[in-house]
Amino acid sequence: MTRSIGTIGHWIDGAAVAGSSGQHGEVTNPATGEVDAHVALASAQEVGDAVAAAKAAYPGWRDTSLSQRTQVVFRFRELLTARADELAALITREHGKVLSDAAGEVARGREVVEFACGIPHLLKGGFTESASTGVDVHSVRQPLGPVAIISPFNFPAMVPMWFFPVAIAAGNTVVLKPSEKVPSAALWMAELWREAGLPDGVFNVVNGDKVAVDALLEHDDVKSISFVGSTPIAQYIYEQGTKHGKRVQALGGAKNHMVVLPDADLDLAADQAVNAGYGSAGERCMAISALVAVGAIADTLVDKIRERTEGLRTGDGTRGADMGPLVTRAAQERVTSYVEAGEAAGAKVVVDGRGVQADADGEGFFVGPTLLDHVTPEMRVYTDEIFGPVLSVLRVGTYDEALALVNANKYGNGTAIFTNDGGAARRFQNEVEVGMIGINVPIPVPMAYYSFGGWKSSLFGDSHAHGTEGVHFFTRGKVVTTRWLDPSHGGVDLGFPTNG
Ligand code: NAD
């Protein structure tokens, strides 16, 4: 019997809209390998419709009072809390991550919504009375207009929520282009905004691929681009976006190191290496993929990690597995080929996830936890972002060698150090060239009121996501100098104004 497969469309001006480009992609359930739906891929014209809706809604939303705007954001938060399980189930179906992990993603995204509820405090300007005689000065921050968000597959809800709550609370209107691999979460959130009372056109979703992205990059009415994805695309987005006069924050890929010093608690380090290396099948931009063992602890640490992987269950995320599948067949094949390349280059495969027996029906895209030892810095398993459940162990002799290794890497998203030596940890946080650092914390994703972002090839642009940097990104500053009429200030003087 042939199954009927529906087509997922867009959300424009407060309503679901079917795609009209004639182009579509496939959305699979990674746990079974079955095509679940088709997704419409927007043409430049359809992107233009979404931007036009955002542009039309902008003046009204910008002029809506702060207290009314934040009430809508608060209602969105309440609805999201009440219906988080629904969203988590959607994420698991299209992405594959296990349900508890999907629920965790929703919770971390919600933190940014909560942060945005308090935006009035962050939009407050400064005021200086009598900056000059009879002259006052004050500053305000105003929204940009229609802004675009382009998100990756690995956090279908959280990554868009790094941006849109702040953008909307600050008075902007939004066009979100989610990853075409996981289109449903964005549409679900669009419906939630409608329920929360957001006016039509303030939040729009276009599904699509490069055609839609390029249309957003080139559209004159799009004022900023917030992008998250792989490094080559992030660089492209930054170059194209800035060339077209837009403000751009483009967060890229990662290779996150966990440095374990000889004095560390090795059981804690092994637990956390497993959690951070294999959680979400390694498809997290803050996953630990390179474990740097310092000194004589390496054999013991590798052993402890190996033991812990034996208890992990890989399978369908709806069945209580610890680890789900990779997102696509192509991702599965890519990860497997990296393991082969590592082995061929001389790495020792201590735990082999190829051909894992997963608890799932059908032909899911599974690779089990994989542990490679004796990896060296020139191997491709180390230089490239694999984005799968592959943990590589590199052995070094000293702290200085470990630091040099981390700093020589082109990526600088997250890193962690495991030690009981406060002095060493303090030195590391000061010397390491990475944006987010964990001390005995493996995945140091900042709270919403701090800003999320890496260094080097992990971020192109000046602003990190959410926190005060996010508020700055989605607003422009203005300074107003005021003098009320006083005849004594009359008279012509072409000199440059100085304070008096
Ligand atoms: P991706 O770069 O393939 O896709 C990201 C977005 O770009 C998607 O919306 C996609 O449709 C679009 N896109 C893809 N190819 C394009 C092209 N040629 N031109 C224009 N747009 C294009 O990334 P992905 O595979 O969806 O996500 C995984 C990547 O994202 C990893 O590299 C991961 O490290 C990174 N990531 C980074 C962070 C961070 O905070 N730095 C967070 C999450 C994910």
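**Exercise 1. Describe the lining of the largest pocket by residue class, then place it in the structure.**

Step 1. Sort the lining: the largest pocket has 19 nonpolar, ten polar and eleven charged residues. Here Ala, Val, Leu, Ile, Met, Phe, Trp, Tyr, Cys and Pro count as nonpolar, Asp, Glu, Lys and Arg as charged, and the others, Gly among them, as polar.

A word on the source: this is a predicted model, where local features need pLDDT of at least 70, side-chain atom pairs count only at pLDDT 80 or more, and totals for chains, interfaces and linings use all residues. Residues are numbered from 1 along each chain as its sequence is written, and side-chain values use heavy atoms, with hydrogens and water left out.

Step 2. Give the volume, which is about 890 Å³ for the largest pocket. On a 1 Å grid over the protein atoms alone, a pocket is an open set of points with protein on both sides within 12 Å along at least five of seven lines, a cavity is a set where a 1.4 Å probe fits but cannot get out, and lining residues have an atom within 4 Å of a point. Points are joined across faces, edges and corners, and a volume is the space filled by probe spheres set on them.

Step 3. Find the centre: of the 40 lining residues, F153, K181, G229, S230 and I233 are the closest to it.

Step 4. Add the elements: α8 (210-218), β11 (224-228), α9 (231-243) and α12 (329-344) each supply at least two lining residues. Helices (H or I, at least four residues) and strands (E, at least two) are DSSP runs, numbered from the N terminus.

**Exercise 2. Work out how α2 and α4 pack.**

Step 1. Helix α2 (residues 66-82) and helix α4 (residues 99-117) pack at an angle of about 160°, with axes 9 Å apart. Axes are lines fitted to C-alpha atoms, for helices over the stretch in contact, and angles run from 0 to 180 degrees between N-to-C directions.

Step 2. α2 is therefore roughly antiparallel to α4 (angles over 145 degrees).

Step 3. Look at the contact (heavy atoms within 4.5 Å): α2 brings residues including V73, F74 and L80, and α4 brings others, among them V106 and V113. By class, this contact has eight nonpolar, two polar and three charged residues.

**Exercise 3. Characterise the largest cavity.**

Step 1. There are four cavities of 30 Å³ or more, and the largest cavity holds about 90 Å³ of space.

Step 2. Among its 15 lining residues, G282, R284, A287, S289 and F387 are the closest to its centre.

Step 3. The lining of the largest cavity divides into seven nonpolar, five polar and three charged residues.

Terms used: Parallel < 35°, antiparallel > 145°, perpendicular 65-115°, else oblique.
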